[in-house]
Amino acid sequence: MKRTFQPRPVFLADSFMLPVGKYNGKHREKLSFLELVDALTPLIDNAPVEKEKISCVVVGSQNPFAFSGIDNVAAKVCGRLGISGAKSLLVDTASSSGASAFEAAYLEVASGQHEHVLAIGVQKMSDVSTLDATKIVAGVIDRDEAEYGLTMPACGALVAQSLMTEFGLNEKEWTDYSARWTERAQHFAAQNPNAHFNFEIPAEKYFADIESGKNYLYYNPLRYYDFCPMSDGIAACLLTAAENRVRVAGVGSGTDIPTIADRLTFTSFPATLIALRQALGLAGLENLQQLEGNIHINMHDPFNGFGPINLVDLGVVPRERLFEGLLDPALTGPNGSYPTNLTGGLKGRGHPLGATGMVQIVENHQLLCEGRYKAALSHSIGGPINNNVVVLLEENQHYQQRNAEPYQPERLQQLGHLKPSEINLETLLGKDQKFTGRLLAKTSKFDYRSGEPERTLLLFSTSYGKEKYRFLIGVDPQATEALDGLSAGEKIQLQQVDGELRVNDVPIRRFYRKTISGVVELADSAFRHLRRKKR
């Protein structure tokens, strides 16, 4: 039985964003973290709400102290914008921080606590070197899994490998899809002056650059052009209780367990399903089909493979069409049933971490103000796919015509469970010093200069007692070739010989490198080359 409720209506009075990119004096003008904040001054000065009436400011940013040396961020932002005295909050849910800041601002207005709230998403990644940035972002990874070399790109690769296994794709078939997904993202980014990489990458170039070595294998099956760039950015929304053209119809957020290995699936993101259900309930909708033909979807696609999964999780693409859905103009094109990522997505527009979720919302708000759609949904992923946010904006007149009745949905999503602390490799090895498991997925990272493997990750399941558990381990790079023939579903044997752990007689070792090396450095290098060539 649904339990109905009626929060106070919340509207968007105005929004603003700077173009996404690197504010380092090379790609874009050189601006500090707080100078990015200064760019919001015109929004504040020209807003339909007087500055003195903004009584709350919510800032979303991922680890701003580590990136930019800024602490007590929200209060400093208030001072910088001339609205000290307002309540100030900092929200950090990793790369979904901007969307989470918007949700928190919404609740401040919906609760009746404040009439006008400013929500900001800001990130200055280029304040630190690529190496330091990779170390900072790696803090979202579970420490035990990081010790074996798990990184954010590796998470993306494991998802991709799992998709290939589920749908029976070989490497060539995957690469064909990946080239077309990249082509699509860059096609729309090329039309967006606010995009970090606003240029085309046709499928022909994708394949030609494989041959030349520019678009090389990075974390198989993912290549150079399959990753989003490291970006700077700032965006803001002014939320109000005063009736306006665009209404916040629904917001929702959800989490998943922190470890990758213990999750039940890698081809669906439960945190998205939870967040969507909450947002739909608040909007008085059963599903997004009720908005078909009238909605734009702005979803989180940092790696190829995430976008197709997102569209299935959001309920607009049937699972059997997961690979083709995003590529079908009748479904996701500008005039399709569910136009999607028409500003380029994370891969083309860029991904300024804690600002990205707010950037998506501002883009959607602008599309609604232009009259192109009646509703717009943004979807943001935080951390290793475990802190996700969905925000639905809608033209107020369209919302009222629906006679929406908000309700609180039941929680139906099943999640995995963290392994008990006593269940570890030592326990499984036992007296016999060996056990068998079944391979679920594997990926290897390759050096972009030599093409030699640097590390391999194996994800496998095994039984202990009456329960089945999953583990992630790192394999010595010298042994990558020996394990190359292993496929998902095959049995593997792990044993300890003279204190050395082996998989099918191949030695493995732990890597302690808390880094997402590659998603930042490698994407930037490739696209810098493309930009120079274009000029």
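**View 1. Cysteines and the search for disulfides in the predicted model.** In this predicted model, a search of the whole structure turns up 0 disulfides. A disulfide is a covalent bond between the sulfur atoms of two cysteines. Cys78 takes part in no such bond, and the nearest cysteine sulfur, which belongs to Cys56, is 8.1 Å away. Is Cys78 buried or exposed? Cys78 is buried, with a relative accessible area of 2%.

**View 2. The surroundings of Cys155.** Why does Cys155 form no bond with Cys228? The closest cysteine sulfur to that of Cys155 is the one in Cys228, and because the two are 13 Å apart, they are too far from each other for a bond; a disulfide would need the sulfur atoms to be within 2.5 Å. Cys155 has a relative accessibility of 3%, so this residue counts as buried.

**View 3. An open sheet of 9 strands.** The 9 strands of this open sheet follow the order E4-E3-E5-E8-E2-E9-E12-E11-E10, and their pairing is mixed. At the edges lie strand E4, covering residues 87-91, and strand E10, covering residues 295-298, each of which pairs on one side only. On average, and with direction ignored, neighbouring strands of this sheet are turned by 20° against each other. Strands of a sheet pair through backbone hydrogen bonds, and they do so either parallel or antiparallel.

**View 4. The pairing of edge strand E10 with strand E11.** In which sense do E10 and E11 pair? Strand E11, made of residues 375-380, pairs with E10 in the parallel sense, and 4 bridges are found between these two strands. Within this part of the sheet, Ile297 stands opposite Leu377, a residue of E11.

**View 5. The protein as a whole, as a setting for the close-ups.** The secondary structure of the protein comprises 19 helices and 19 strands. Measuring along the principal axes is a way to describe the overall extent, and here the C-alpha trace spans about 70 × 60 × 45 Å. For 535 residues, a compact globule would be expected to have a radius of gyration near 24 Å, and the value of 23 Å for this protein agrees with that. Buried residues account for 62% of the 535 residues, while the accessible surface comes to about 20,600 Å², with 47% of this area belonging to carbon and sulfur atoms. Of the contacts between residues at least 6 apart in sequence, 76% join residues that are at least 24 apart.

How values were computed: Residues are numbered from 1 along each chain as its sequence is written. This is a predicted model: local features need pLDDT of at least 70, side-chain atom pairs count only at pLDDT 80 or more; totals for chains, interfaces and linings use all residues. Side-chain values use heavy atoms; hydrogens and water are left out. Two strands pair if DSSP finds at least two bridges between them. Axes are lines fitted to C-alpha atoms, for helices over the stretch in contact, and angles run from 0 to 180 degrees between N-to-C directions. The radius of gyration is taken over C-alpha atoms; the globule rule is 2.2 Å times the number of residues to the power 0.38. Buried means under 20% relative accessible area, exposed over 50%, partly exposed in between (1.4 Å probe, protein chains only). Contact means heavy atoms within 4.5 Å. Accessible areas come from the Shrake-Rupley method with a 1.4 Å probe; for residues, only the protein chains shown count as cover.
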